[in-house]
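The exercises below concern cysteines, disulfides and burial, and each task is followed by a solution that goes step by step. Please work through each task with the structure at hand before reading on.

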Amino acid sequence: MQFPPLVSALALLMLSQVGVIERVETADIERNVSVGLVPPYSTFHNRGYQARVSLTLQSRGSNILRSTRFVHRQMFKTLSPTAILNALCNQFLPANVAAIIYINNKEHYGRNTASSQYFLQLARYLGIPVIAWNADNSGLDQEQGTKQSSLRLELAPSIHHQAAAMLSILQRYNWHGFAIVTSQIAGYDEFTRAVRDTALELQEEFKFSILNTIIVRESKDLEELANSEARIMLLYCTKDEAREIMHKAHSLHITGKNYVWIVTQSVIGSDLETVAADFPIGMLGLHFETSSMEVMKQIGRALEVFIRGAELFFKAYNHSKLSPQLSCEGHGEVRWDHGELFYRHLLNVSFRLDEVPDYLAFNSDGTVKSAQLKIMNLRRGNSAKQWEEIGTWRADQADQLNIKDIVWPGLSHVPPEGVPEKFHLKILFLEESPYVILGMPDPITGKCSANRGVLCRIAPEADIEGMNLTVAQRNSSLYQCCSGFCIDLLEKFAKDLIFTYDLVRVDDGKWGTIENGSWTGLVSALMNRKGDMVITSFNINSDRESVIDFSVPFLETGTTILVAKRTGIISPTAFLEPFDTASWTLVAFVAIHATALTIFLFEWLSPSGYNMKTVAPRDHKFSLFRTYWLVWAILFQAAVHTDCPRGLTARFMASMWALFAVVFLAIYTANLAAFMITREEFHELKGIDDERMRSPYQFEPPFRAGTVLHTNTEMVLREHKPQQFRYILRYPVHNVQEGVKMIKTGELDAFLYDATVLQYMVAQDDDCEILTVGAWYGMTGYGVGFRRGSKYLDQFNEKLMQYKDNGYIERLQRFWLTGACKPQKQHKRASEPLALEQFLSAFLLLGCGILLACAILACEHCYFKHIRKQLAKTDRGGCCALISLNMGKSLTFRGAVYEAQDIIKYHRCRDPICDTHLLKVKRELDVARLRIRELEHQLGDPGLAPSARFLASVRRDQSNSSWCCLPTKDGPQHKGAPVARRPEWGLPSAVRHHMYTQQSAEFIRPHPDSYAAHRVQQRPASVEIAELETVL
């Protein structure tokens, strides 16, 4: 391979010019800098390059750079990777170039682009910055998403600038939808990505929609564009490829007055006079200069950027050098460490220009900020078509686009709408709530109000033939108003796809099934071209898909069962239903028995109770059975007489059980009301495979089910459930409303139909008397029907997908498919019994009470064994009795006596047996009192008088005792001998007996004179009195 000389005349002139600079330099430090230059290959323009370099060096006097050496290498003749690698290794690296100026105005977009990309990638790998101006820059564009910098400054407008300029034109003329058309030109994927990214950035102020993205490999690829609704095309390809693409587009009739083609620089090229014959008048394009004069200008700008960048670098790093010292032979470094740093200084360069644009600066990605593109318009010249400049686009201005008058396609002076032209469709329907609902139009105007939908014809075409259309529309038997879910969807289609339509009811009023070997209803009408499409609740199934086309489903549905609710009776076991079986078992066989045994055990262990003895203490009325009676009475809060335990621990345990009973009864009572109300009964079928559907005659009376004939439900049952279908045929139904009526009146037990329709009927039922049961069967969907091979199918599919994504279909569902009645949900919540875990806290409370009671029992035993003796010694005043009566009783004998007095004084028995016993005791008491008086008379007759000690004690008690008349020897009631009532008469029998035995000698003492005579009678009398009082 032959290379041009390394140092040509141009390079020599450069060096000599640098010498001039050396003579005017006054800097103290001499800095030598090398830069590589790769201009377009041209022998004729070498002098021009030389002149431009000299002019730049003369006009740009540097106070920092003392010597600048240029390594000149013209554009490669051969494009092999070996030649490119040799040029870098043998020419640029040995010269230690700090940067490479790469200038190219060739627009081949082929191997030349690939070789240039390879050259610049090698430079980036070596860490050498590149200052480029490349007309064919699409393949050289900045790498997106890479962490490593590209180390390239691009002076020419990038492919991103061209994409932004194209979208500015669309935004100016309010064109939202467009298509991207590219060939496999270098950088085509970069162009597509640039358009998408720019459209996304502008999304907030203007919404773009990319309708199609077509990569043309063969001419037939454009057929997709012909079927699209796109009317604005962005074309990116070479000039030669554009000829073929536009020729095919012309044959497909997509170059007419409603189509606008906007092309890039690669299509226009540098020759504005030569235009392909198939390019339509009115095309728009983007262009920037790529002539030789522009190359000369860009060489000077690139050199200016390099010099200013080097100055910035040396100002920041005074003692550094711009000398990479790289080698391909392994003698030097593999990558220049300061290359990234020098590139950042080049990136910060900005200076004013003497021409448009008026300044030069760079973005962070290395592209020029002040990029400018010309807006071109293809017009008819004097002899041929030619491109004319009609405006400019500037990247650095707020109002980027400046356009003059444009000649639009078809020689129109008005811009096209950018959307498909209107077309007309004949649309078939069949009414079914809530998808298509019929209503009466205005009787005077014959039109539908805003809330009544659109006008639709319900009569066959033969009935209105020859009639005036205005008169016919006022006849409600011919025209009515259609509204509903599908009508709203149709209106949305008409607005977005821009078409008009006639809405016509199918003549035979059938959905479309096979009868006698031929199709009926809506399917037959489409097959016979009586309509362009069908929109209603049209089920998609395999049989229909074999003869017509369907859009993507806009709603899912299936076959479900409708049944009626009937008022039942209250369950006999309703009072048990608030809790499940496990909960009742735990309460009845665990909680009650455990609590009763625990209370009785604590009472048996308590010192105040049984004190671990087998025989109950005297007057202690408590046993195990009485414990069960106490537990049951507390649980149900019964107002019955119960015996309470004496032990503190047992009483505490009974209190804990009472707390558990409060929680238990509160939960039970709150949940009982839901189960004691009248139940709603219905046939709770599992689905179409339920036993009552498969074998209806096994039930008495036989189970009755029906459906609407000539529908999708009939087709599904006939094909997949022939046994059920044969039985269902005995109960035919003409429409859904009739089926619902038969369910309510009891003529049918079950009604089978489309699930979404039946759910709507349930939600709209005023009395909430019906509901759907069981799982859906035969899942399918509703779709828009078209004739086989319809050209409108793709457009409607695309819109349906958009409506699903943006939530429009969901909004229609919420508006049309909901209602006020939802009995099924309420029923399910009304009969859920409480599980064990839902009130487990009550059992935890009871368990904690048992553990705490055990601790209290231990404390009680500790008190009686160790603490009571110490307290008895210190508590003389009975202070402990203020805290606990049992404690006071255990410490003092007097406390026990007073407690016994209270029991005797305030005890009242209300039992009849007890009253009888009480009368008997009172009688015995009266007899005993008479006997006492007789004995006292006997003691008084012999002259026995009370002792002096006894009289003194009586006088001491006068102030605290009541007075009564004691019998004397003069009579039983002597008013002059008042004595105190014996205080011991109010005490228990055991106490009185104790007192008499201790004081009998002092209490009844005879007169000394008659002591001997009555000695024999004294002792028996006192003993008898004491015994009688003991009994009483």
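**Exercise 1.** Does Cys 486 count as buried or exposed?

*Solution.* The model is a predicted one. A residue is called buried when its relative accessible area is under 20%. Cys 486 has 0% relative accessibility and therefore counts as buried.

**Exercise 2.** Determine how many disulfides a search of the whole structure finds, and describe the one that involves Cys 89.

*Solution.* The search finds three disulfides. Cys 89 is joined to Cys 328, with an S to S distance of 2.0 Å, and the -80° about their S-S bond makes this link left-handed. Because Cys 89 belongs to helix H3 (residues 81–92), while Cys 328 sits in the loop between helix H10 (292–316) and helix H11 (339–347), the pair ties together parts that are 239 residues apart in sequence. As for accessibility, Cys 89 is buried at 15% relative accessible area, whereas Cys 328, at 37%, counts as partly exposed.

**Exercise 3.** Describe the surroundings of strand S19 (residues 479–483), and work out which residues are tied to it by disulfides.

*Solution.* Begin with burial: five of the five residues of S19 are buried, and the strand is mostly covered. Next, consider pairing: strand S17 (residues 437–439) runs antiparallel to S19 and is joined to it by three bridges, while strand S18 (residues 454–457), also antiparallel to S19, is joined by four bridges. Cys 481 is the bridge partner of Gly 439 and also of Leu 455.

Then turn to the disulfides. Cys 481 is joined to Cys 448 (S to S 1.9 Å), and the torsion of about -105° means that this disulfide is left-handed. Since Cys 448 lies in the loop between S17 and S18 and Cys 481 in S19, the pair ties together parts 33 residues apart in sequence. Cys 482 is joined to Cys 456 (S to S 2.0 Å), and here the torsion is about 85°, so the disulfide is right-handed. This pair links Cys 456 in S18 to Cys 482 in S19, 26 residues apart. Relative accessibility is 0% for Cys 456, which counts as buried, and Cys 482 is buried with a relative accessible area of 0%.

**Exercise 4.** Why does Cys 859 form no bond with the closest cysteine sulfur?

*Solution.* The closest cysteine sulfur is that of Cys 862, and because it is 7.0 Å from the sulfur of Cys 859, it is too far for a bond. Cys 859 itself is exposed, with a relative accessible area of 54%.

Note on methods: Residues numbered from 1 in each chain as written. Predicted model: local features only at pLDDT ≥ 70, side-chain atom pairs only at ≥ 80, totals over all residues. Heavy atoms only, no water. Buried < 20%, exposed > 50% of the residue type's maximum accessible area, 1.4 Å probe, protein only. Helix = DSSP H or I, 4+ residues; strand = E, 2+ residues; numbered from the N terminus. Pairing = 2+ DSSP bridges. Disulfide = S-S within 2.5 Å.
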